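Trainee: I'm new to this one, so could you walk me through it? I'll ask, you explain.

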Amino acid sequence: MVSPGSLVPGVSPVAGGGGYGQGVVLHPAEPLTALAHGIGSQHDLPISPFYAFAGAFAALFVSFLALGLLWSTSRFRGEHAGLALPAPLQRVADAPATRTALRGLGLAAALFVLLHLLLGPDDPARNPAPGAVYVLLWVGLVPASLLLGPVWRLLNPLRTLHRLLSPTLRRGTGPAHHPLPARLGLWPAAAGLFAFTWLELVSPDPASTTTLLIALAAYATAQLLLAARYGESWFTDGDPFEAYSALLGRLSPLGRRSDGRLVVRNPFHGLDATPERPGLVATVCVLLGSTAYDGFSDNPSWIDTFQTSPLGRTPTATLGLLGSIALVAALYCLCAAATRLVSGPPPGPLTAFAHSLVPIALGYLIAHYFSLLVVEGPRTVSMALGADNAPEPAPPLGPGALATLQVAAVVTGHVLGVIAAHDRAVRLFPPARAVAGQLPLLALMITYTIGGLGLLLN
């Protein structure tokens, strides 16, 4: 989406960021709002494409060969692994006072954003609400979940509101909660994540207070009504931000064992514990596809396409976003089908390896939104604290260092995906077919790597 600075004459966009922090300098009188969400063009990222692709392929092939030779049995134990934290620390973490304080913090932050949307100026350069939604929430949940696990479950203001309203709703003729259909799985979260990324990347004026008010009101109303029908468990799978935080939190070194103890663990154990549920593939593909579209949407050829399209800007951009997500999903489904042909049908052939896409999505998110968080995040906080003149954004890293970080994030995410997929393969397949069964997965990782690096370097 267009950055606050991009609406102010003479203010330059942040190089190397993405989404909310990227933009083309536009004057208010200009009729066209440009889509400029990429992570930098080739002149912004001075790194040799040859060395970037060669290094990525070498990392993938070496890791694949090493795993095939040295890793013959499954080593990840999911929710049964981890070193228990001291009991006093767990008592503090699980104390009602701690949980109440976190819920109160989330509710207070939501009220703060609501008041600024209702009473603040309709100018993202002077109103912290858009930055709070698109930067502190959407991007800030990435490091928060990586460090602390699924933190949005405790901060979610809608879950808190539901708890506060439930006693009133249950009085008199209040309806009993209906069981949540198992077939829904994470599909509601996938739909919600698509709606949010559409709002950020496609809607005509995503930073407008009116647009945000309408979107947040619709989201809150739908979530609270569905929670009233299905109970608080609805938020776990139906709230897109809880599902988003929970997926990223699978890679946190902090987690819970199956016995309820808080533990420090190898993040791969948490990733291995990702439930194979309906909608899991769709949820991860929305994250991957929307980030890929955000990177492609500032490509000159795409900008020319939606500017000249007879369908109009918004329908064309919507088709572009849908097409990007569909392409990611189709490649994964083809990979699952090829794996089934090579090694036979494992349990849950489509979802069995979906967890291996989570570190890939994380790598794309880091590469795409690092600059945005470290530049626009402090600026948003400064505005929220009442600073009259928020500091002008400045790139946190030079172009070379930023390029190295972004390429490293993409490549590391794919290597971690290869490791997760290999461990699952040696568990599901007979030893003679375990390595062969991973060849389609390796091809998928290479394809995703080409696409990810191509968005970075072109």
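Trainee: In what order do the three strands sit in the open sheet?

Mentor: Keep in mind that this is a predicted model. The edge strands are β1 (83–84) and β2 (254–256), and each of them pairs on one side only. The pairing in the sheet is antiparallel, and the order is β1-β3-β2.

Trainee: Okay, and which residue is the bridge partner of glycine 255 in β3?

Mentor: Start with the two strands: β2 pairs with β3 (residues 262–264) in the antiparallel sense, over three bridges. Look along β3 for the partner of glycine 255, and you land on valine 263.

Trainee: How many helices go with those three strands?

Mentor: Let's get a feel for the chain first. It has 458 residues, and buried ones make up 49% of them. Next to its three strands, the count of helices is 19.

Trainee: Let's pick α13. How many of its 17 residues are buried?

Mentor: Helix α13 covers residues 280–296 and reaches 24 Å from its first C-alpha to its last, close to the 24 Å expected at 1.5 Å a residue. As for cover, α13 is mostly hidden, and the buried count out of 17 is 16.

Trainee: How far is the sulfur of cysteine 285 from the nearest cysteine sulfur?

Mentor: A disulfide needs two cysteine sulfur atoms within 2.5 Å. The structure holds zero disulfides. For cysteine 285, the nearest cysteine sulfur is that of cysteine 333, at a distance of 6.9 Å.

Trainee: Is cysteine 285 buried or exposed, and what is its relative accessible area?

Mentor: The cut-off for buried is under 20% relative accessible area. Cysteine 333 has 36%, so it counts as partly exposed. Cysteine 285, on the other hand, is buried, with a value of 1%.

Trainee: Now the inside. Which helix gives the largest share of the largest nonpolar core?

Mentor: That core has 90 residues, and those with the most contacts inside it include Trp138, Tyr244, Leu288 and Phe353. Apart from it lies another core, of six residues, among them Ala220 and Trp234. Back in the largest core, eleven residues come from the helix with the largest share, residues 399–428, and that is α17.

Trainee: Which residues does tyrosine 244 contact, leaving aside its neighbours within four places in sequence?

Mentor: Tyr244 is one of the residues with the most contacts inside the largest core. Across the chain, among contacts between residues at least 6 apart in sequence, 77% join residues at least 24 apart. With those close neighbours left out, tyrosine 244 touches Trp138, Leu141, Val142, Leu193, Leu287 and Leu365.

Technical notes: Residues are numbered from 1 along each chain as its sequence is written. This is a predicted model: local features need pLDDT of at least 70, side-chain atom pairs count only at pLDDT 80 or more; totals for chains, interfaces and linings use all residues. Side-chain values use heavy atoms; hydrogens and water are left out. Helices (H or I, at least four residues) and strands (E, at least two) are DSSP runs, numbered from the N terminus. The expected span of a helix is 1.5 Å times one less than its number of residues. Buried means under 20% relative accessible area, exposed over 50%, partly exposed in between (1.4 Å probe, protein chains only). A nonpolar core is a set of buried Ala, Val, Leu, Ile, Met, Phe, Trp, Tyr and Cys residues joined through side-chain atoms within 4.5 Å. Contact means heavy atoms within 4.5 Å. Two strands pair if DSSP finds at least two bridges between them.
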